[in-house]
Amino acid sequence: MFEKLVELISNYVEVEAAQITPDSRFMEDLGFTSFDFMSMLGELEEEFDIEIDQKEAANIQTVREAVEYLEKISA
């Protein structure tokens, strides 16, 4: 899940995949805008055939939190 998320993140921001860690914060470290983040969530929903709760997604700040959330809802 982490590798797939890193691949998607690389499509949205100018950050090398090798620089993305589980502790990377979407806004502060990776330079995501709110629009980028929501667009990526939409792509994740399509990719994994899941539905992401927007309120819960608003609390996701790090790549690790995103991976944990995705694993929880796709289990």
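**Salt bridges, helix α4 and the nonpolar core**

In this predicted model, R25 and D29 are joined through their side chains by a salt bridge with an N to O distance of 3.0 Å. Both partners lie between the buried and exposed classes, since R25 has a relative accessible area of 36% and is therefore partly exposed, and D29, at 38% relative accessibility, likewise counts as partly exposed. The count of salt bridges in the model comes to 5.

Another of these pairs is formed by R64 and D23, whose closest N and O atoms are 2.6 Å apart. This pair links distant parts of the chain, with R64 placed in helix α4 and D23 in the loop between α1 and α2, at a separation of 41 residues. R64 is partly exposed, with a relative accessible area of 36%, and D23 counts as partly exposed at 49% relative accessibility. A salt bridge is also found between the side chains of E47 and K4, at 3.5 Å from N to O; because E47 belongs to helix α2 and K4 to helix α1, the pair ties together parts that are 43 residues apart in sequence. E47 is partly exposed at 43% relative accessibility, and K4 is partly exposed at 24%. K4 and E47 are linked together with E7 in a network of salt bridges. In general, side chains of opposite charge can pair when their charged atoms come close.

Helix α4, which carries R64, comprises the 12 residues 63-74 and reaches 16 Å from its first C-alpha to its last, close to the 16 Å expected at 1.5 Å a residue. The buried residues of α4 are V63, A66, V67, Y69 and L70. Seen down the axis of α4, these buried residues fall within an arc of 165 degrees, so they line one face of the helix. The elements that cover them include α1 (2-12), α2 (34-48) and α3 (54-57).

The largest nonpolar core contains 23 residues, of which L5, I9, F26, L30 and M40 touch the most other members. Helices α1, α2 and α4 each supply at least two residues of this core, and the greatest contribution comes from α4, with 5 residues. Apart from its neighbours within four places in sequence, L5 is in contact with M40, L44, V63, A66, V67 and L70; among these, V63, A66, V67 and L70 are buried residues of α4. In soluble globular proteins, nonpolar side chains tend to be buried together.

M40, which lies in helix α2, has a relative accessibility of 1% and therefore counts as buried, the cut-off being under 20%. With neighbours within four places in sequence again left aside, M40 is in contact with L5, L8, I9, Y12, F26 and F32; of these, L5, I9 and F26 are, like M40, among the core residues that touch the most other members. The C-alpha atoms of M40 and A57 are 11 Å apart in space, the two residues being 17 apart in sequence.

T62 is located in the loop between α3 and α4, and its relative accessibility of 14% is the reason that T62 counts as buried. Beyond its neighbours within four places in sequence, T62 is in contact with P22, D23, S24, R25 and F26. Among these contacts, D23 is the salt-bridge partner of R64, R25 is the partner of D29, and F26 is one of the core residues named above.

Definitions and conventions:
Residues numbered from 1 in each chain as written. Predicted model: local features only at pLDDT ≥ 70, side-chain atom pairs only at ≥ 80, totals over all residues. Heavy atoms only, no water. Helix = DSSP H or I, 4+ residues; strand = E, 2+ residues; numbered from the N terminus. Expected span 1.5 Å × (residues − 1). Buried < 20%, exposed > 50% of the residue type's maximum accessible area, 1.4 Å probe, protein only. Arc of directions from axis to C-beta. Contact = heavy atoms within 4.5 Å. Core = buried A, V, L, I, M, F, W, Y, C linked by side-chain atoms within 4.5 Å. Salt bridge = Lys/Arg side-chain N within 4 Å of Asp/Glu carboxyl O.
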